[in-house]
Amino acid sequence: MLQPIKGAVNRKFRPNSYKENDSKAKRVIIKYLKDNGHTILDTKENYSFDITSTKTGDETYFSEVEMKNQWKGDWNTNWREIRIPYRKHKLINRFKQLNKGVSYLNFYIIRGDCGAAWRIKDDVLEASEVREADFGYRIQQGEQFFHVPYEKAELIYLTEGNDDP
């Protein structure tokens, strides 16, 4: 189990950012999942996984979605890594505790125009280096992140959908 990092800080919850980004991110990944044979089971906000789905009846998928509005066009390869807040370790721990047969946990980092996303599997995230990122506009000093080399993630292309979560 991943443990909290002593002295780490977490970004303050921003209701306006959440309102603007959460439903858009869910909508586009729900469409992607449905287009790939998933049945959506749950998208309610419960401070756990953003989306729960099944595929072929016995496979359960848990998906966490995040917008990266700074990402425009092709991935900038000068960005050697994809950063995911370490606070997401709670989802990895919860996933392991479920011990739910054939199941998967994926993290989706979605481009600002919703045309592409990085899919990162839980084991890749868990194996990634954790450290503080350079602080700046949206990053507080002391905030810890998983630093995932983008080569270890899967780039997927999306079609913006109109389905409501």
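# Exercises on salt bridges, strands and a pocket

In this predicted model, the side chains of Lys-88 and Glu-64 form a salt bridge, with N and O 2.6 Å apart. Let's start from that pair and work outwards.

## Exercise 1: A buried pair

Work out which parts of the chain the salt bridge between Lys-88 and Glu-64 ties together.

**Solution.** Begin by placing each partner. Lys-88 is in the loop between β4 and α2 (89-98), while Glu-64 belongs to strand β3 (residues 59-68), so the contact links parts that are 24 residues apart in sequence. Then check the surroundings: Lys-88 and Glu-64 are both buried.

## Exercise 2: Two further salt bridges

The whole structure holds 12 salt bridges. Take the one between Glu-126 and Lys-96 and the one between Arg-111 and Asp-113, and decide for each residue whether it is buried or partly exposed.

**Solution.** Start with Glu-126 and Lys-96, whose closest N and O atoms are 2.5 Å apart. Glu-126 sits in helix α3 (residues 122-127) and Lys-96 in helix α2, so this pair ties together parts that are 30 residues apart in sequence. Buried means under 20% relative accessible area. Glu-126 has a relative accessible area of 28% and is therefore partly exposed. Lys-96, at 36%, is partly exposed as well.

Now turn to Arg-111 and Asp-113, where the closest N and O atoms are 2.7 Å apart. Arg-111 counts as buried, with 11% relative accessibility, whereas Asp-113 is partly exposed at 48%. Before moving on, note that salt bridges with shared partners join Glu-81, Arg-83, Glu-129 and Arg-131 into one network.

## Exercise 3: An open sheet

Find which strands stand at the edges of the open sheet formed by 3 strands.

**Solution.** First write down the order, which is β4-β8-β7, with antiparallel pairing. β4 (81-85) and β7 (129-132) each have a single partner strand, so they stand at the edges, and one side of each lacks a neighbour in the sheet. For the geometry, neighbouring strands are turned by 40° against each other on average, with direction ignored. Finally, look at one pairing in detail: β4 and β8 (residues 144-149) share 5 bridges in the antiparallel sense, and Glu-81 stands opposite Pro-149 in β8.

## Exercise 4: The partners of β5

Describe how β5 pairs with β3 and with β6.

**Solution.** Take β3 first. β3 and β5 run parallel and are joined by 9 bridges; Val-65 has Tyr-108 in β5 as its bridge partner. Next comes β6, which pairs with β5 in the antiparallel sense over 5 bridges, with Phe-107 opposite Ile-120 in β6. The hairpin of β5 and β6 has 4 residues between the strands, and there Cys-114 takes a positive phi near 65°. As a last step, consider burial: 8 of the 9 residues of β5 are buried, leaving the strand mostly covered.

## Exercise 5: The second largest pocket

Which element gives the most to the lining of the second largest pocket?

**Solution.** Start from the pocket itself, with a volume of about 210 Å³ and a lining of 13 residues. Tyr-61, Tyr-104, Asn-106, Arg-119 and Lys-121 lie nearest its centre. Two or more lining residues come from each of α1 (15-35), β5 (103-111) and β6 (116-121). With 4 residues, β5 gives the most. To finish, sort the lining by character: 6 residues are nonpolar, 3 polar and 4 charged.

Note on methods:
Residues are numbered from 1 along each chain as its sequence is written. This is a predicted model: local features need pLDDT of at least 70, side-chain atom pairs count only at pLDDT 80 or more; totals for chains, interfaces and linings use all residues. Side-chain values use heavy atoms; hydrogens and water are left out. On a 1 Å grid over the protein atoms alone, a cavity is a set of points where a 1.4 Å probe fits but cannot get out, and a pocket is an open set with protein on both sides within 12 Å along at least five of seven lines; lining residues have an atom within 4 Å of a point. Grid points are joined across faces, edges and corners, and a volume is the space filled by probe spheres set on the points. Ala, Val, Leu, Ile, Met, Phe, Trp, Tyr, Cys and Pro count as nonpolar, Asp, Glu, Lys and Arg as charged, and the others, Gly among them, as polar. Two strands pair if DSSP finds at least two bridges between them. Axes are lines fitted to C-alpha atoms, for helices over the stretch in contact, and angles run from 0 to 180 degrees between N-to-C directions. A salt bridge is a side-chain nitrogen of Lys or Arg within 4 Å of a carboxyl oxygen of Asp or Glu. Buried means under 20% relative accessible area, exposed over 50%, partly exposed in between (1.4 Å probe, protein chains only).
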